[in-house]
Structures are given as C-alpha cells and as structure tokens.
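Here are my notes after going through the model, in no particular order. Have a look at the structure first, then read on.

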Amino acid sequence: GRVSRNIHKRFSFSSYSFGDKYDDINLLGSASVESRGSIRIPADDDFEGAPQHQAGRALYSSPVRMWDPDTGLAASFNTTFSFIINNQPAKGNKSASGGGLTFIVAPDELTVGREAGWLGMLNEHPCKETYNAFAVEFDNFKNDEFNDPNDNHVGINLASMQSSHTADASLAGVFLRNGSFVTAWINYNGDSRHLEVHIANASTMERPLKPIISVPLDLSPILKEYMFVGFTAATGGAEAQTHNIVSWNFSSKTHAVPRFPNKFLKSESLCNGNVSDGKIQKQKKHSRESEAFLIFLSVSVVIFLAFINLACARTGTKQTAMKVHINNHRPRPLHKPRKFNYEELSAATNDFSEKEKLGQGRFGSVYKGVLQDGSLVAVKRLSSLQIQGSEKRLIKKISHILGQKQPHLVQLRGWCREKKELLLVNEYMPNGSLDTWLYPNPWTALPWLLRWKIIKNIASSLAYLHEGLDQQLLHRQVKTSNVLLDISLEAKLGDFGIGSWIEDRQARLLNPAAADYHIAYQAPDSASYTRKATDKMDVFSFGVTTMEIVCGRRPIDKNLAPAETVLLKWVWELHKTGNLLAAADKRMKNQYHPEQLMRSLTVGILCTHPDPNCRPTMKKVVSFLTGKKALPPLLSKPAEGSVTVSSKDTKDPLDMV
Ligand SMILES: Nc1ncnc2c1ncn2[C@@H]1O[C@H](COP(=O)(O)OP(=O)(O)OP(=O)(O)O)[C@@H](O)[C@H]1O
C-alpha cells in the first residue's frame with residue numbers, strides 16, 4: 001500500500017451555477033455573473049456602446065498549487081468548460097469582428113489585462129517585466145502584430161500574446177463567434193510535459209477523439225508554486241461581443257515533497273557525517289562529560305523545586321488546593337473499544353470501495369472509514385482465510401490486544417466477526433506507513449532526527465509488549481509497513497499480536513509478493529512452522545527494520561549489486577571493514593548524528609545475530625539506544641559456536657531469496 005503524497009485540487013461549476021457559488025469566483029474588470037448564472041465578460045448587456053474596449057477576468061478565488069519547488073515539476077491539470085461567444089455588429093458598423101477569451105493560469109489575482117487583441121491576458125509592460133501567465137486563447141480577431149493565423153483560432157500563449165502554437169478552430173467544426181455552445185478540454189501532464197486541447201461545437205460533454213492541439217510543452221519555467229486559474233476576455237472597438245462561460249470543471253495534481261517540522265531538521269548535534277568510525281569514540285567521551293554536567297544541573301533544579309513545593313504546602317495556599325482538584329479530574333477514554341456490526345463498517349468505508357482502500361497486506365485489505373461519530377478509522381478486512389483456533393479463543397485474544405494502551409502502539413478500537421470475515425477497526429494514522437516514506441520517492445529524505453525518534457519509539461513499544469504486560473504479547477510482524485505515522489509524525493506500531501491467529505501458509509496464497517517481502521524480516525529460527533514463536537524473533541525483525549530505516553533501502557533489493565542485495569549481510573560486511581557509516585541513507589546528504597547512527601546500526605547487528613540467545617532483549621535494546629547501557633563490543637565475527645550471518649548451512653530465510 002502507498003499513501004499518496006500528491007496534492008489534489010478539484011472543483012466544479014455545473015451549467016449556469018456560478019451565481020450559486022458567488023464567493024468562489026473573483027470578478028475583475030468588466031467581468032460579472034449574469035442573472036442566469038453564467039460568467040459574462042463584458043458585464044454590460046447594452047450592445048449600443050459600453051461593451052467596446054472592455055476587459056475582464058473571472059478567477060477561482062483560491063490559489064491553486066501549480067508547481068512543486070522541490071522537484072521543479074509542473075502540476076498536471078485537466079479542465080473542461082463550455083462557453084458562448086456572441087458577436088453582433090456595433091451600431092453603424094457592418095463588419096463584425098471581435099475579441100476572444102482565454103483560459104488563464106495567472107500569477108496574481110489583481111491584474112486585469114488590456115482590452116482588444118490583448119484578450120485581458122497581458123498588459124503592455126513599459127519596463128519589459130514579464131508577466132508569467134500561461135493561457136489557451138480562443139481568439140476571433142486576427143491581430144497581425146501578434147502573428148494570428150486567422151480570426152477563428154485556438155492558441156497557446158506562454159507569457160506572450162504571440163502564440164507558440166495555433167490551430168484553426170474550424171478544423172474541429174467550431175466557429176467561435178456564432179453564438180453557439182463551444183466546449184473545450186485542456187489536459188496538461190506535468191510529468192510527461194505534454195499539452196492537449198480539444199474543442200467541440202456542441203453542448204454535449206463528449207470529447208472528440210482528435211485533439212486540435214497536441215504538443216510537448218514544459219510549463220515549469222513560467223509557473224510558480226501557487227497561481228490563479230480562470231478566464232479572461234476582451235472586446236475591441238469595432239464590435240459588440242459578449243463572452244459567457246457557462247460551466248467549468250477543474251482538477252489538478254502536484255507532487256509534494258513533505259516538509260518536516262524544524263525540530264527534526266535542526267540540532268546542534270547534527271553534523272556533517274564525514275566522520276570515521278574511530279573518531280566517534282572520542283566524541284562519545286566528550287558527550288559523557290556534558291551528560292554528567294546535565295545530570296548535576298537537573299538534580300539541583302529538582303532539589304530546588306522540591307524545596308519550593310514544601311514551602312507552599314506548609315503555607316496551605318489556594319494554589320495547592322487547585323492543583324489537587326485538577327489532578328483528580330482524569331480524562332475518560334475518548335473511544336471505548338467495542339464490537340462493531342458489519343453494516344456499520346460497510347457504511348463507514350463506502351461499502352469497502354476501492355477509493356477508500358489504504359493498502360493491501362498479506363491477509364487482506366485496509367480501508368479508510370468514517371464512523372458515525374465522525375472519527376476516522378482504518379478497517380483491516382481479513383477475509384476468507386484460516387483464522388487459527390476456536391471463536392472463543394479468538395475473541396479472548398482480541399480482547400487482550402484491545403486493552404493495550406501505550407503511546408507507540410496503534411490503538412485497536414474494535415472488531416467485527418460476521419459473514420465469515422474478521423474486521424479489525426484501528427485508529428486511523430493520517431501519515432500512513434513508514435515504508436511509503438522511505439520508498440520510492442527519490443526526493444523524500446526523512447531527516448535523521450525523525451528516523452532516530454522512530455527507531456526509539458518502535459523499541460519502546462516492543463519492550464512494552466514483551467516485558468511490560470502480565471502476559472507477554474509477541475508482535476510477529478515487525479516491519480516498516482507496520483510502523484504507522486500519526487499527524488505529528490509520531491511512530492506507532494500496528495498489527496501487534498495478530499500474527500499468531502493467522503495461518504501463515506495461507507498468506508502466501510493470498511498475496512505472494514507481500515509474503516516474499518515479509519520473509520526478509522524473519523529470523524532464521526522462525527523458518528520452521530513447527531517452531532514456537534519467541535520474543536527473540538521480534539528482536540530480529542526489529543534489527544532488520546532499524547537497519548532499513550537508517551540505510552533507506554529495502555531489506556532485500558535485487559536491483560543492487562550482489563554484495564549489497566541483502567541488507568543484513570551488507571551492513572555486517574561494512575562493520576567488518578570499519579566502514580559502517582557508509583551504510584547511511586545517501587538521501588540524508590550526510591546530515592546525521594554519527595554517534596546515534598552508529599549506535600542504531602550496532603543495535604541492528606546485535607539484534608540480527610543468527611543465534612537467538614545472543615540477541616538482546618527489547619528492554620536492553622531500549623537502554624542501548626537511550627545510552628543508559630553501554631553497547632557491548634561487536635566482534636568482527638559472531639561468537640564461537642554460533643552460526644555466522646553469511647553461513648550457508650543455516651536455515652537463514654535470506655538465503656532462500
Ligand atoms: N491504521 C492505519 N492507518 C492508516 N493506514 C493504514 C493503517 N493500517 C494500515 N494502513 C495502510 O494499509 C497498508 C496495508 O496494511 P496491512 O497491515 O494490511 O499490510 P502490510 O503491513 O503491508 O503487510 P502485512 O499484511 O504483512 O502486515 C499499510 O501499508 C498502510 O499503508
């Protein structure tokens with residue numbers, strides 16, 4: 001599954017509905033919304049005089065994102081609109097000429113372009129400053145100064161009244177000024193840099209097969225991030241012409257490289273990563289000295305505060321009474337976990353529609369849903385698969401998970417067991433799963449401080465499941481697709497505990513690709529289905545996940561050189577040659593904390609030891625990561641008697657790839 005990081009914009013005005021959405025349209029110059037509900041330029045109905053030499057604009061009132069500054073790519077957009085150009089000879093002037101209209105992407109919401117041949121698109125700029133607008137013109141006057149081909153053409157205008165491409169509208173059977181309905185379709189693809197324009201002289205919305213213009217076009221040099229879209233039109237001096245836009249649909253999509261909060265980008269401890277493994281030892285010593293000073297400082301502050309507190313308690317001030325009152329007011333849980341019925345979840349997910357699908361795992365699909373109370377949920381639909389054990393045992397297992405509350409565990413809000421399906425209702429995590437942040441976007445580099453925080457968050461939630469409960473709960477599916485990010489990019493571990501209910505062999509049949517991907521996280525000792533699951537298998541998966549987060553690559557990547565294909569082996573080799581820092585994700589551009597990075601990779605190596613007995617517990621991992629416990633020295637070879645990482649005679653699942 002992948003969470004899209006694109007920004008979409010979509011709006012629609014059905015025929016003669018501009019009056020109903022008056023606030024959504026910004027009218028400039030002589031543009032108006034006439035009584036029937038279409039946009040009309042010029043405003044005045046009187047053909048006798050006023051409409052001559054008029055220019056006006058009607059823009060969608062909010063800016064639209066048209067360009068992504070990080071990738072430099074233009075938006076892709078599709079727009080369809082219907083218009084009528086009505087042309088009558090002005091009094092005393094027999095020849096009917098005209099002006100025309102444009103669909104414009106404008107850099108501002110204030111400019112009204114010049115009248116006549118300028119179509120309200122541009123002004124003459126005495127200082128020659130360019131006005132970076134893009135427009136498709138529907139021009140019914142031949143301006144020789146702009147090299148117009150005739151008085152009935154469509155043109156592409158890039159910050160200029162001289163069109164870069166033109167086409168004769170009559171080739172599509174369209175006569176722009178004869179007062180009939182014209183429909184235009186403008187489709188621009190910012191990735192492939194291609195523009196197509198279709199027109200049809202009809203009130204139907206059916207697009208003709210053949211475009212009137214189809215050209216390669218890179219709009220990115222003239223676009224800026226936010227722009228205004230809409231229409232311009234103008235009249236000249238020898239005609240009485242009105243331009244009515246009757247209906248309009250617009251949709252756009254821009255790439256978006258996430259911008260991370262400053263707290264993840266700036267830190268004094270972040271330094272250029274060109275540091276050798278050896279230098280880090282020295283840095284460690286220095287940081288221990290500063291840690292000692294910090295501890296001294298904190299202890300002094302605590303003693304001081306305790307003293308103040310004691311003094312207040314003696315005087316029995318009002319303040320103390322108030323504090324007690326606040327502490328007693330304990331918040332109630334927002335959503336009590338419960339059993340859901342099928343209809344409720346079907347309604348919440350729009351009948352499990354494809355549009356609401358968040359992703360597909362080994363056992364089924366996950367859908368976004370809105371419950372009746374308005375809260376957002378992610379519904380995991382485990383269909384037609386073998387759930388292990390009796391119904392009674394299953395419910396018992398679910399209730400064990402339902403009760404778990406830890407800040408870094410995705411909250412299970414309930415379940416539904418109906419129609420031979422099991423549906424799990426989880427809290428919705430708006431920023432999706434971690435794998436979608438790591439891949440495949442080459443522009444997104446998760447900042448180091450965020451990666452470091454995520455690693456510590458996962459470690460703490462696993463330590464809680466393993467050692468913080470009366471009855472140990474094994475996760476059994478620790479991997480980046482099960483690490484989910486909430487609105488403030490806090491990491492939470494999802495899908496904990498459910499691995500033990502589900503028939504693994506069934507999963508391969510359901511989704512072989514996902515099953516292959518899953519195997520990369522599995523410890524060699526879990527290769528046998530008869531072997532009982534242990535917490536050390538979770539520790540192994542955590543080790544692989546940690547390496548993946550630091551290195552920003554998949555645990556198995558067949559596109560890489562053979563020596564690098566298996567992440568675990570590659571990291572181990574780099575460690576042996578004292579070159580561990582070279583494993584850091586290149587997209588971080590050396591902006592990381594070398595000591596933290598080394599520490600997490602070392603923890604990764606310890607956790608993926610082939611011998612489960614040599615792997616640390618998750619509690620120990622937490623103290624290694626937080627620096628409470630010193631890391632044991634890593635041997636250049638795994639300890640005597642244990643199986644080596646690269647050994648061929650183990651049942652290492654990585655060797656099966
Ligand atoms: N609570 C949630 N909030 C938002 N998105 C979610 C949530 N749970 C899952 N997803 C999305 O749905 C996708 C599929 O999830 P699912 O857990 O079914 O599969 P998986 O983790 O990729 O594989 P597996 O089935 O082996 O666990 C995830 O990758 C994630 O993008």
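1. C551 is buried at 6% relative accessibility (buried is under 20% relative accessible area, exposed is over 50%, partly exposed is in between, with a 1.4 Å probe and protein chains only). C614, by contrast, is partly exposed, with a relative accessible area of 35%. Bear in mind that this is a predicted model, where local features need pLDDT of at least 70, side-chain atom pairs count only at pLDDT 80 or more, and totals for chains, interfaces and linings use all residues. Residues are numbered from 1 along each chain as its sequence is written, and side-chain values use heavy atoms, with hydrogens and water left out.

2. How many disulfides does a search of the whole structure find? Zero, taking a disulfide as a pair of cysteine sulfur atoms within 2.5 Å. C551 is in none, and its nearest cysteine sulfur, in C607, is 14 Å away. C607 also holds the closest cysteine sulfur to that of C614, but at 12 Å this is too far for a bond.

3. On to the voids. The whole-structure search turns up three cavities of 30 Å³ or more. A cavity here is a set of points, on a 1 Å grid over the protein atoms alone, where a 1.4 Å probe fits but cannot get out; lining residues have an atom within 4 Å of a point. Grid points are joined across faces, edges and corners, and the volume is the space filled by probe spheres set on the points. The largest cavity holds about 80 Å³.

4. Which residues line the largest cavity? They are K380, I401, V410, L412, L424, N426, G494, D495, F496 and I498. By class, that lining has six nonpolar, two polar and two charged residues (Ala, Val, Leu, Ile, Met, Phe, Trp, Tyr, Cys and Pro count as nonpolar, Asp, Glu, Lys and Arg as charged, and the others, Gly among them, as polar).

5. The aromatic pairs come to 24, counting rings of Phe, Tyr and Trp (its six-membered ring) with centres within 6.5 Å; planes under 30 degrees apart are stacked, over 60 edge-to-face, and the rest tilted. F13 and F18 make a stacked pair, because their ring centres are 4.7 Å apart and their planes are at 20°. Both F13 and F18 are buried.

6. F13 has a charge partner too: K21 lies over its face, 5.1 Å from the ring centre. The rule is that NZ of Lys or CZ of Arg is within 6 Å of the ring centre and within 35 degrees of the ring normal. Elsewhere, the charged end of R338 sits over the ring of F340, at 3.9 Å from the centre.

7. Now some backbone to check. Most residues other than glycine have a negative phi, and most peptide bonds are trans. Y16 has a positive phi of about 55° without being a glycine; Y16 sits in the loop between β1 (7–13) and β2 (25–29) and is partly exposed at 26%. L489 also has a positive phi, about 65°, but L489 is buried at 7%, in the loop between β26 and β27 (491–493). Strands are DSSP runs of E, at least two residues, and helices are runs of H or I, at least four, numbered from the N terminus.

8. One peptide bond to look at: I41 to P42 is cis, with omega near -5°. P42 is in the loop between β4 (39–41) and β5 (55–60).

Notes. On a 1 Å grid over the protein atoms alone, a cavity is a set of points where a 1.4 Å probe fits but cannot get out, and a pocket is an open set with protein on both sides within 12 Å along at least five of seven lines; lining residues have an atom within 4 Å of a point.
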